[in-house]
Each structure stands twice: as C-alpha cells, then as structure tokens.
Amino acid sequence: MPVPMLDLVAQNVVVKQKILDGLSAITDRCTFVLGENVRGLESELADYCCTKYSVGMSSGTDALLVAMMALGIGSGDEIIIPSFTFFATGGVVARLGAKPVFADIDPQTFNATPSAIEAAITDRTKAIMPVHLFGQLADMPKIMEIANARGIPVIEDACQSLGAKGWGKNAGQFGQITGCSFYPTKNLGAFGDAGLALIRDNEELFRKIMRLRVHGMEPVYVHHEVGINGRLDEFQALVLRAKLPFLEEWHVGRRKNAQWYSENLQSLCPVDFQIPLEIVPNGRHIYNQFTVRIKKGRRDEFQNHLKAKGIGSSIFYPIPLHLQPCFEYLGYRNGSLPETELSAKEVISLPIYPEMTEEMLEEVASAVMGFFRA
Ligand SMILES: *Cc1c(COP(=O)(O)O)cnc(C)c1O
C-alpha cells in the first residue's frame, strides 16, 4: 500500500459542505476581501493563541514582512535568524535591505539556540526572529531574556506552529509580533495562500500592521507609510474558519502518530537514526513535520528506498539559507554553521498527517526498518 507524504482529501471531505455553503453566501454578498469572514477569523485566532490582536494577511511571508516593517526595520539593520528554515524567514529580512545574521541550531530540535543567538548580537541588531521549526517552540524564555535585557524586539516565525505550546504559553505569546502561515501543507491550511500576524499586546503595533496591510492607508487614500497589499481573501478566511473547529483534533492525531513512530522505531536509535524528541516543558509539539535524521551519510539512499516502496517523504531543508546563491554576498562558507549543515545532510520528514491509519503507519515503519536490516 503506497503512503503519500500528505493527503488532504480526507480532511476536505469533513469541511466541504460548510465551505460550499459559505462560498454561495460570498457569491451573493460580493465582499471578496477583508469582510466578515476575515474579521471573524481574526478574532477566533487571537482567542486561540491568547494574543490581544491578530491581523489576517495574504501569506505567512507577508505577515513576517509587515511585522518587520512595523518595527521600522530597514537598511543596515541586522536581524538574527536561523539558517535552517524555509527561505521566507531570510527573504523578508533581505527585501527590506536589512542583513540576515544566522544563528546555529540545536541538533535535536533543529531550532536556533539561545547561546548562538546571543553570540550573534551586535550594536546593529534590530530584531531577533526565532523559528518554531516543524511544530515545536524554540527556547523562548531564554531568547526573551536575552532580547529583553538589551531592548531588542522579537518576532516569532510560527508559520509551522500555530497551536504549539511551551512553558505554559502558546506560540505568539512570547515575542512582540508573530507570523503564521496557512499554506495548504501547514496544520491549518487554506485553499491557497493565507497568513496571519499576531500582536501580543501592543496596540500601536497592531494599528501600524492594520495600515501596512493596505498600503499604509488610513482613512481611505491617505497614506502614512509605504505599505504593501497584504490583504486576506474572504474565501480563504471562510475555509480556515470551517477547518478551525477541527484543528485541536488534528493536532492530537499528529501527536498520536508521532508517538506511534517513536515507539516502533526506537530500536534504530541512536546509531543509525534520530527521532524528534518533545523536549519543551509544559508544552505541545504539533508535528507539522515528523523529521528524523539518517546518519552515516545514508539519507539520500534512504529516501530512494522509501520511494521504491511507495512511501512519500520530503527533505526540509536540503540547502540552508547561508549557503543559498542569493546570500553569497553575506560571506558565509561551508563550515560556518556546523549543526545546520549536518542537519541539512541528515534530515528527512515522514508522513504524519492525522488521517493516517495504523496500517499506513505500519507500512512506513516496515519500509524504514527494511532499509536498516538490508
Ligand atoms: C511556510 C513558512 C513561511 C512562509 O509562509 P507562506 O504562507 O508560504 O508565505 C515562513 N516561514 C516558515 C518557517 C514557513 O514554514
């Protein structure tokens, strides 16, 4: 039985009728952007994350971009980010003329370490943007302590981690501003691009982000700053509102699958294999990805083996940001960030979506075990 990396059909069956009814209402109402579904979604998600404000955005990338713009980040400023992340984290920094400064990661969680972040701080550091990679929070209490001691703002890249928890709080409750993504492969996925900026408690930042979303405009045709078109469509907000009541259940399903894998693949550890550990105290990993390490330089061979058995997998991410051609000018080299570079060579993500059956999990596990037994 083949097992795909992700299958959204089963999820869509559950919400299809609600979405079609809502689409019919949108068709009659002809409000296509920033309407009642967007406002409803914003208030539901601020509640869900326990933040004071939230602003629906056209994508996670745009949410991170307006977060940086609201903090006045621009040319010559340095922003500390991990290199082991999706490109958008670094792309938004460079697009504003600021300089990405990369912090190395913890080999177990794949998140930037507080000590690497602290070591990267200079007089020009204008923000720290940790990423909660794969669904687990970065070490936010320590990162906030380092940032607060120097008055440096923190933006959380929670694009993979809406609903992740740690230290008794939610993603979005630590930094001043947080970016979330609803790209279809995220735990809460739209039918296209969509995102969200969460603002922890600062009303001025909230007002600024509301304006930046519509070209810095308030009221109509008066422009206070040069913003972007970062508006969210009613249809995407409708899809997300239809799915939101199921999100907790889906997180639970992913966690159950992760638990199953951990128990059934434990015998491979630690010599050949590393399983993601849930190490954040008082928290919750939401497993947007179940990312393992294949050691001894055998990762690509392993992926080919899975493919031959009909098992889907993905590599997040094969080339870290500091080695991307577009960031060559920053002067990083192979060897600059050893843990990041090793992770890029060893990681592979296995299917983890909540609708997977036990037979499917067994199929994946037997293909994995088969590789090491051969
Ligand atoms: C998905 C993602 C983004 C970008 O979100 P989009 O909605 O695709 O623009 C940014 N950072 C990380 C870590 C992501 O996984």
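This text walks through the fold of a predicted model, from its overall dimensions to its sheets and helix pairs.

Start with the whole chain. The protein holds 12 helices and 12 strands. Its radius of gyration is 21 Å, close to the 21 Å that the globule rule gives for 374 residues, so the protein is as compact as a globular protein of that length. Along the principal axes, the C-alpha atoms fill a box of roughly 70 × 55 × 40 Å. Of the 374 residues, 57% are buried. Sequence-distant contacts carry much of the count: among contacts with a separation of 6 or more, 72% join residues 24 or more positions apart.

Now the strands. Strands of a sheet pair through backbone hydrogen bonds, either parallel or antiparallel. Both senses appear in what follows, in the parallel sheet β3-β2-β4 and the antiparallel sheet β10-β11-β12.

Take β1 and its partner before the sheets. Strand β1 spans residues 53-57, and five of its five residues are buried. In a regular strand the side chains alternate between the two faces of the sheet. In β1, Y53, V55 and M57 point one way, while S54 and G56 point the other way. Both sets are buried. The partner here is strand β9, residues 195-199, which pairs with β1 in the antiparallel sense over five bridges. One of the matched positions is M57, whose bridge partner in β9 is G195.

Next comes the parallel sheet. This sheet is open and has three strands, in the order β3-β2-β4. β3 (99-103) and β4 (125-128) stand at the edges with a single partner strand each, so one side of each is left without a neighbour in the sheet. Direction ignored, neighbouring strands of this sheet are turned by 35 degrees against each other on average. Strand β2, residues 78-82, pairs with β4 in the parallel sense over three bridges. For register, look at I79: its bridge partner in β4 is A127.

The antiparallel sheet is also open, with three strands in the order β10-β11-β12. Its edges are β10 (273-274) and β12 (347-350); each has a single partner strand, so one side of each lacks a neighbour in the sheet. Strand β11, residues 290-294, joins β12 through four bridges in the antiparallel sense. There T291 stands opposite S349 of β12. Helix α10, residues 299-308, lies across β10, β11 and β12. α10 runs at about 20 degrees to β12.

Two helix pairs complete the tour. Helix α1 (residues 9-29) packs with helix α8 (residues 234-243) at an angle of about 145 degrees, and their axes are 9 Å apart. The crossing is right-handed. On the α1 side, the contact includes V15, I19, L23 and I26, and on the α8 side F235, L238, V239 and A242 are among the residues met. By class, the contact has eight nonpolar, three polar and four charged residues. K18 and R29 of α1 are among the participants, as are E234 and K243 of α8.

Helix α9 (residues 247-265) packs with helix α12 (residues 358-373) at about 35 degrees, with axes 11 Å apart. α9 also passes α12 in a right-handed crossing. From α9 come N257, W260, Y261, N264 and L265. They meet E358, L361, E362, V364, A365, V368 and M369 in α12. This contact of α9 with α12 counts eight nonpolar, two polar and two charged residues.

Note on methods: Residues numbered from 1 in each chain as written. Predicted model: local features only at pLDDT ≥ 70, side-chain atom pairs only at ≥ 80, totals over all residues. Heavy atoms only, no water. Axes fitted to C-alpha atoms, helices over the stretch in contact; angles between N-to-C directions. Left-handed = near helix turned anticlockwise from the far one by under 90°. Contact = heavy atoms within 4.5 Å. Nonpolar A, V, L, I, M, F, W, Y, C, P; charged D, E, K, R; others polar. Pairing = 2+ DSSP bridges. Rg over C-alpha atoms; globule rule 2.2 N^0.38 Å. Buried < 20%, exposed > 50% of the residue type's maximum accessible area, 1.4 Å probe, protein only.
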